[in-house]
Amino acid sequence: MAMRKTRRATKAAETITRGTGNVFADLGYPDAEERQTKLRLAYAINGVISRKRLTQAAAAGKLGINQPKVSALANYKLEGFSVERLMTFLTALDQDVEIVIKNKARSKSSGRISVVAA
């Protein structure tokens, strides 16, 4: 005797909210811009380390920090790093860091900080 599976159609109300582009702001962090900036800088640092095929020990030597701090960077544990320090790490890895200041778009309610890795 074959058993028949029955399907019950249930429709749950779904609400989709468009994100701001900054997950930290979406989660309500008061320092969302700084967190996003640090994350993007760390992403760029990790990309350079990967492209140059540096070990964590070799990267530590270039950055002037110890290997556990490179590990923290690799795992995006950024609490102990300032934006300025992360930019300094990029220059130590032979990268140029350019800061561009411009008027905000009229459609935006406030200015923002963005990091673009070329």
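## Pockets, salt bridges and surface of a five-helix model

Helix H2 supplies the largest share of the lining of the second largest pocket, namely five residues. The structure in which this pocket is found is a predicted model. The volume of the second largest pocket is about 400 Å³. Seventeen residues, that is 17, line the second largest pocket, and those closest to its centre are Thr20, Gly21, Asn22, Glu33 and Arg112. Sorted by class, this lining consists of four nonpolar, nine polar and four charged residues.

The overall architecture places H2 in context. The protein contains five helices and zero strands, and its pattern along the sequence reads α-α-α-α-α. The chain has 118 residues, of which 22% count as buried. Helix H1 covers residues 23-26 and helix H2 covers residues 32-51, while helix H3 spans 56-63 and helix H5 spans 83-92.

The analysis of pockets rests on a simple idea. Rolling a probe the size of a water molecule over the atoms shows where empty space is left. In this model the largest pocket holds about 1000 Å³ of space. Its lining is made up of 31 residues, and Glu98, Val100, Ser114, Val115 and Val116 are the closest to its centre. Two elements, H2 and H5, each give two or more residues to this lining. H2 makes the greatest contribution to the largest pocket, with seven residues. By class, the lining of the largest pocket comprises 17 nonpolar, seven polar and seven charged residues. Helix H2 is thus the leading contributor to the lining of the largest pocket and to that of the second largest pocket.

Val115, one of the residues closest to the centre of the largest pocket, can be located relative to two other positions in the chain. Leu39 lies in helix H2 and is partly exposed, because its relative accessibility of 28% falls between the limits for buried and exposed residues. Leu39 and Val115 are 76 residues apart along the chain, yet their C-alpha atoms are separated by 9.3 Å. Ile99 belongs to the segment after H5 and is exposed, with a relative accessible area of 62%. Between Ile99 and Val115 there are 8.8 Å from C-alpha to C-alpha, and the two are 16 residues apart in sequence.

Attention may now turn to the charged side chains. Side chains of opposite charge can pair when their charged atoms come close. The structure holds three salt bridges. In one of them, Asp31 pairs with Arg35, and the closest N and O atoms are 2.8 Å apart. Asp31 is partly exposed at 30% relative accessibility, and Arg35 is likewise partly exposed at 32%.

Another salt bridge joins Lys38 to Glu34, with 3.8 Å between the closest N and O atoms. This pair satisfies the criterion because the nitrogen of the lysine needs to lie within 4 Å of a carboxyl oxygen. Lys38 and Glu34 are four residues apart in helix H2, so about one helical turn separates them. Lys38 has a relative accessible area of 12% and is therefore buried, whereas Glu34 counts as partly exposed at 40% relative accessibility.

The salt bridge between Lys52 and Asp94 has its closest N and O atoms 3.5 Å apart. This pair links distant parts of the chain, 42 residues apart: Lys52 sits in the loop between H2 and H3, and Asp94 sits in the segment after H5. The relative accessible area of Lys52 is 34%, so this residue is partly exposed. Asp94 has a relative accessible area of 58% and is therefore exposed.

The surface also carries a nonpolar feature. Val23, Leu27 and Tyr29 form a nonpolar patch there, and together they have about 290 Å² of accessible area. Leu27 occupies the loop between helix H1 and helix H2. With a relative accessible area of 60%, Leu27 is exposed, because this value is over 50%.

Terms used:
Residues numbered from 1 in each chain as written. Predicted model: local features only at pLDDT ≥ 70, side-chain atom pairs only at ≥ 80, totals over all residues. Heavy atoms only, no water. Patch = residues over 30% accessible without salt bridge, like charges linked within 9 Å, V, L, I, M, F, W, Y side chains within 5 Å. Areas by Shrake-Rupley, 256 points an atom, 1.4 Å probe, with all protein chains shown as cover. Salt bridge = Lys/Arg side-chain N within 4 Å of Asp/Glu carboxyl O. Buried < 20%, exposed > 50% of the residue type's maximum accessible area, 1.4 Å probe, protein only. 1 Å grid on protein atoms, 1.4 Å probe; cavity = no way out; pocket = protein on both sides within 12 Å on 5 of 7 lines; lining within 4 Å. Points joined across faces, edges and corners; volume = space filled by probe spheres on them. Nonpolar A, V, L, I, M, F, W, Y, C, P; charged D, E, K, R; others polar.
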